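The following report describes the fold of a single chain, moving from one strand pairing to its surroundings and then to the chain as a whole.

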Amino acid sequence: MRPSAPALAALALATLPASLPLAAHVRQPQAAAAPAKVHKIEKLAENVYCIYGNGGNIGLVVTDKGAVLIDDQFEDIAPGLLEAVKSITDKPIKYLVNTHWHGDHTGANIVLEKQVTAIIAHTNVRSRLEKAQAKEGEKKGGLPEITVGFPDPKERAVMAIHLGGVEMHLLHQAAGHTDGDLVLGLPVAHVMHLGDLFFNGLIPYIDLESGGSLEGMIANADGLLAWIPEDVKLIPGHGPVGGKKDYARFRDFLKAVQAHVKANPKLSGKELDEAFDHKTWSDFKPLGKFLSYDKFFDIAAGRRPK
Ligand SMILES: [Zn+2]
Ligand SMILES: [Zn+2]
């Protein structure tokens, strides 16, 4: 059964911190014992799954020679994630791909590195994780061992995984959500994991401090929408699995936001929020207390929200 969108959104956002700074998005939630079962599985195609839980949505591709996991949420709920994977396959996880460096997508790297052959991510994911871990009191480990691309995100890169007869493409995108965004395409099943370049039915977080921008989010959406097939299933970073229409709607929403911000350069985030055509875009919900519309408008204008 396909879980309902609001339920999934609530699940996905449950561990996001309630207060700013926005950089907290990348940190792991503190203490609080993890609920027994937070993971829900949705089958997308033969041997292809989306696993929802707390944090960024996870993709799983199973082949005869092992599985590939895309993103892994948080360390404290890693046991539940591994149980969910075991309920699907007894094949080991061979590769773990990180779509970007944020903790709600890489927090369980530290657990999974002990059992996977390699963690794979964009070059800037490794360097940003390394930098974050260098701070006092931060746990160390779980760094990607295989990196794709160059530090300059304008230098695009592509990598392919060939495993058990299944081909997967890791496509580095222009700086959008961060400067190390990879999407994973699975041509045989018409499934893609878009990481946080796609928030389905939610206003997106854009990490300006990690090189992200609204313009980049839009450019990537335009680029991907131009060639992905009509029947593609898209795993977003947050929100329920969607299709091409949902991603186009998200792109159009971002364009409306961009036009609104450009037309009103003197307005604050709060004023932009008040003057926005919320009626037309009522299907885009705020990320709870973590990211309200007024803060989102500040980010859209390239300003750090207060
Ligand atoms: Zn995320
Ligand atoms: Zn993110």
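In this predicted model, Thr63 has Gly66 of β4 as its bridge partner. Thr63 belongs to the pairing of β3 with strand β4 (residues 66-70), in which the two strands run antiparallel and are joined by five bridges. The connection is a hairpin, with two residues between β3 and β4.

Strand β3 (residues 58-63) also has a partner in strand β2 (residues 48-52), the two pairing in the antiparallel sense over four bridges. Here Cys50 has Gly59 of β3 as its bridge partner. The hairpin of β2 and β3 has five residues between the strands, and within this hairpin Gly55 takes a positive phi near 105 degrees. As for its surroundings, β3 is mostly covered, since five of its six residues are buried.

**The sheet from β8 to β12**

A further group of strands, five in number, forms an open sheet in the order β8-β9-β10-β11-β12, with mixed pairing. Because β8 and β12 (233-235) stand at the edges and have a single partner strand each, one side of each is left without a neighbour in the sheet. From one strand to the next, the twist averages 20 degrees. In general terms, the strands of a sheet pair through backbone hydrogen bonds, and they may do so in a parallel or an antiparallel manner.

The antiparallel pairings that involve β8, β9, β10 and β11 are set out below, each with a pair of residues that stand opposite one another or are bridge partners.

| Strands | Bridges | Residue pair |
|---|---|---|
| β8 (residues 158-163) and β9 (residues 166-172) | six bridges | Leu163 and Val166 |
| β9 and β10 (residues 182-186) | four bridges | His169 and Gly185 |
| β10 and β11 (residues 191-193) | three bridges | Gly185 and Met192 |

Gly185 thus appears in two of these rows, being the bridge partner of His169 and standing opposite Met192 in β11. The β8 and β9 strands form a hairpin with two residues between them, and Gly164 in its turn has a positive phi of about 55 degrees.

**The nonpolar core**

Which residues touch the most other members of the largest nonpolar core? Of the 72 residues in this core, they are Leu60, Val97 and Leu184. When neighbours within four places in sequence are left aside, the contacts of Val97 are with Val68, Ile70, Ile120, Ala121, Leu170, Leu182 and Leu184. By residue number, Val68 and Ile70 fall within β4 (residues 66-70), Leu170 falls within β9 (residues 166-172), and Leu182 and Leu184 fall within β10 (residues 182-186).

**A loop residue, Leu267**

Leu267 lies in the loop between α7 (244-263) and α8 (269-275). Is Leu267 buried or partly exposed? With 17 other C-beta atoms within 10 Å, Leu267 is partly exposed, because a residue counts as buried only if 20 or more such atoms lie within that distance. Leaving aside its neighbours within four places in sequence, Leu267 is in contact with Leu272 and Ala275. The C-alpha atom of Leu267 is separated by 9.8 Å from that of Ala301, which is 34 residues apart from Leu267 along the chain.

**The chain as a whole**

The secondary structure comes to nine helices and twelve strands. Of the 306 residues of the chain, 47% count as buried. Among the contacts in the chain with a separation of 6 or more, 66% are accounted for by residues 24 or more positions apart.

Technical notes:
Residues numbered from 1 in each chain as written. Chains lettered and ligands numbered in written order. Predicted model: local features only at pLDDT ≥ 70, side-chain atom pairs only at ≥ 80, totals over all residues. Buried ≥ 20, exposed ≤ 12 C-beta atoms within 10 Å, placed from the backbone. Contact = placed C-beta atoms within 7 Å. Pairing = 2+ DSSP bridges. Core = buried A, V, L, I, M, F, W, Y, C linked by C-beta atoms within 7 Å. Axes fitted to C-alpha atoms, helices over the stretch in contact; angles between N-to-C directions.
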